[in-house]
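Colleague: Please take a close look at one part of this model, the pocket, and tell me what lines it and what it connects to. I would like one continuous account rather than a list.

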Amino acid sequence: MRSAAVAADFRDFPRTPVLSREAADVRHITRGRLHADQVQARLSWLCESYRGAFLELAGEACDEKVTPARDDRYGVVLNVQRGTRMRFECHIDSNPLTGLLFCTDHVNGGELVFAHDAAAASVADVERDCSVVRPSAGHLIFFDARRYPHYVRPLTHESDMRVVAVMNYYTESCPESTRPPELNRHLYGDA
Ligand SMILES: [Fe+2]
């Protein structure tokens with residue numbers, strides 16, 4: 001997992017349309033992403049679990065029937081942070097159920113932070129009143145974060161690397177067809 005993660009695409013990512021909850025002056029966020037095609041090539045077991053064992057567990061976490069994404073570009077990706085200058089964008093989700101498989105342990109830094117206030121519109125707003133999830137390798141969590149902004153804090157050690165597998169799931173009441181088209185245009189240049 002670590003060796004796959006170092007091959008991630010590390011750069012400044014522009015803020016996400018529609019879903020970003022960053023302060024107005026934040027133009028980009030520096031982070032790493034192992035894209036879905038790279039995950040498929042390097043971590044095929046993860047793609048199989050996404051549609052197999054993890055899908056079953058997702059179903060237990062949700063009242064509705066859960067389905068994986070049909071579009072392979074955003075089913076499973078890795079988010080990777082290296083050093084102390086990367087973090088993950090403050091945003092809300094468009095999909096109704098997200099699964100995270102934490103792949104690294106962190107005592108300080110790299111926490112996933114959820115705002116209690118749905119109107120939070122910056123990292124500072126989120127930090128004012130929040131719940132914090134500390135990454136623990138092997139832990140798999142599921143949540144619906146369509147309403148509550150969330151982000152990932154930077155790491156505290158320059159030599160540290162944080163890896164998490166992010167899995168998008170859908171339901172009958174919020175199917176894949178509701179995914180904002182702006183998002184695919186932004187990420188993949190869809191027409
Ligand atoms: Fe999210």
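Modeller: The lining of the largest pocket comprises 17 nonpolar, twelve polar and eight charged residues. The model is a predicted one. In total, 37 residues line this pocket, and the space inside comes to about 700 Å³. Nearest its centre lie R31, R33, N79, F88 and H91.

The lining draws on many parts of the fold. At least two residues each come from strand 1 (9–14), strand 2 (28–34), strand 4 (76–82), strand 5, strand 6 (97–102), strand 10, strand 11 (161–171) and helix 6 (181–188).

H91, one of the residues nearest the pocket centre, also leads to the metal site. The iron ion is coordinated by NE2 of H91, an OD atom of D93 and NE2 of H150, at 2.0 to 2.1 Å. Along the chain these donors are spaced as H-x1-D-x56-H. The two histidines come from distant parts of the chain: H91 belongs to strand 5 (residues 88–91) and H150 to strand 10 (residues 150–152), with their positions 59 residues apart. Strand 5 and strand 10 are both among the elements that supply at least two residues of the pocket lining. H91 counts as buried because its relative accessible area is 14%, under the 20% limit. H150 is buried as well, with a value of 3%.

Moving from the pocket to the connections around its strands, R85 and E158 form a salt bridge with 3.7 Å from N to O. R85 sits in the loop between strand 4 and strand 5, and E158 in the loop between strand 10 and strand 11, so this pair ties together parts 73 residues apart in sequence. Strands 4, 5, 10 and 11 each contribute to the pocket lining. In contrast to the buried histidines, R85 is exposed at 67% relative accessibility, while E158 is partly exposed at 47%.

The R85–E158 contact belongs to a wider set, as the whole structure holds eight salt bridges. One of the others is local: D125 and R128 pair at 2.9 Å, N to O, and both lie in helix 5 (residues 123–128), three residues apart, or about one turn of the helix. R146 pairs with D144, with 2.8 Å between the closest N and O atoms; R146 is partly exposed at 33%, and so is D144 at 42%. E111, E127 and R153 are joined in a network of salt bridges.

Technical notes:
Residues are numbered from 1 along each chain as its sequence is written. This is a predicted model: local features need pLDDT of at least 70, side-chain atom pairs count only at pLDDT 80 or more; totals for chains, interfaces and linings use all residues. Side-chain values use heavy atoms; hydrogens and water are left out. Donors are N, O and S atoms within 2.8 Å of the metal (3.2 Å for Na, K and Ca); water is not among the atoms, so sites may look incomplete. Helices (H or I, at least four residues) and strands (E, at least two) are DSSP runs, numbered from the N terminus. Buried means under 20% relative accessible area, exposed over 50%, partly exposed in between (1.4 Å probe, protein chains only). On a 1 Å grid over the protein atoms alone, a cavity is a set of points where a 1.4 Å probe fits but cannot get out, and a pocket is an open set with protein on both sides within 12 Å along at least five of seven lines; lining residues have an atom within 4 Å of a point. Grid points are joined across faces, edges and corners, and a volume is the space filled by probe spheres set on the points. Ala, Val, Leu, Ile, Met, Phe, Trp, Tyr, Cys and Pro count as nonpolar, Asp, Glu, Lys and Arg as charged, and the others, Gly among them, as polar. A salt bridge is a side-chain nitrogen of Lys or Arg within 4 Å of a carboxyl oxygen of Asp or Glu.
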